[in-house]
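Open the model in a viewer and keep the selection tool at hand. The stops below say what to select and what is found there.

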Amino acid sequence: DGAAAALRRRRGGGASGRQIVVHGIPYHMRWQDLKDLFKQCGNVLRADIVTDETGRSKGYGTILFDDAQCAQAAIATFSEQEYEGRKLSVKLDKFA
């Protein structure tokens, strides 16, 4: 998988700079809710909620935008904002 991932990055298909991680989301939130919340910042290609082995939310997720400017706009818009009583932490996903 390493060679394929490197090839995608060279072609510009990697998620680096386009994917953010959002901590502090409500535990009841589903991926569609997360996508809907962040699509005001740009075209969301994918939204995922991280869950434990029982399927319960861990309170954070990732969002992949189609370009890096949208990811930066999301960070600027939502970082440190309160959402349903929880403070959001929004950063570039360093693992993308």
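**Stop one: Ile 20 and the core**

Select Ile 20: leaving aside neighbours within four places in sequence, this residue is in contact with Phe 38, Gly 61, Thr 62, Ile 63, Phe 65, Ala 71, Ala 74, Ile 75, Val 90, Lys 91, Leu 92 and Asp 93. Contact here means heavy atoms within 4.5 Å.

This is a predicted model, in which local features need pLDDT of at least 70 and side-chain atom pairs count only at pLDDT 80 or more, while totals for chains, interfaces and linings use all residues. Residues are numbered from 1 along each chain as its sequence is written, and side-chain values use heavy atoms, with hydrogens and water left out.

Next, add Val 22, Leu 34, Phe 38, Ile 63, Phe 65 and Val 90 to Ile 20: of the 20 residues in the largest nonpolar core, these touch the most other members. The elements giving two or more residues to this core are β1, α2, β2 (44-51), β3 and α3. Its largest share, five residues, comes from α3. A nonpolar core is a set of buried Ala, Val, Leu, Ile, Met, Phe, Trp, Tyr and Cys residues joined through side-chain atoms within 4.5 Å. Buried means under 20% relative accessible area, exposed means over 50%, and partly exposed lies in between (1.4 Å probe, protein chains only). Helices (H or I, at least four residues) and strands (E, at least two) are DSSP runs, numbered from the N terminus.

**Stop two: strand β1 and its partners**

Select residues 19-23, which form strand β1. Four of the five residues in β1 are buried. Which strands does β1 run antiparallel to? One is β3 (residues 57-65), joined to β1 by five bridges; another is β6 (residues 89-92), joined to β1 by four bridges. Two strands pair if DSSP finds at least two bridges between them. To see individual positions, pick Val 21, whose bridge partner in β3 is Thr 62, then His 23, which stands opposite Ser 89 in β6.

**Stop three: Asp 93**

Move to Asp 93, in the segment after β6. What does the side chain of Asp 93 make a polar contact with? The partner is the side chain of Gln 19, at 2.8 Å. A polar contact is a pair of N or O atoms within 3.5 Å; within protein, one must be able to donate a hydrogen and the other to accept it, and residues adjacent in sequence count only if both atoms are side-chain atoms. Asp 93 is buried yet has no salt bridge (a side-chain nitrogen of Lys or Arg within 4 Å of a carboxyl oxygen of Asp or Glu). The nearest side chain of opposite charge, Lys 94, is 8.0 Å away. For charge, Lys and Arg count as positive and Asp and Glu as negative; His and the chain ends are not counted.

**Stop four: loop residues**

Select Asp 66, in the loop between β3 and α3 (68-78). Not counting residues up to four places away in sequence, Asp 66 touches Arg 18, Asn 43 and Leu 45. Asp 66 is partly exposed, with a relative accessible area of 34%.

Then find Arg 30, in the loop between β1 and α2 (31-38). Arg 30 and Ile 49 are 19 residues apart in sequence and 6.6 Å apart in space, C-alpha to C-alpha.

Finish with Glu 80, in the loop between α3 and β4 (82-83). Phi of Glu 80 is near 70 degrees, a positive value in a residue other than glycine.
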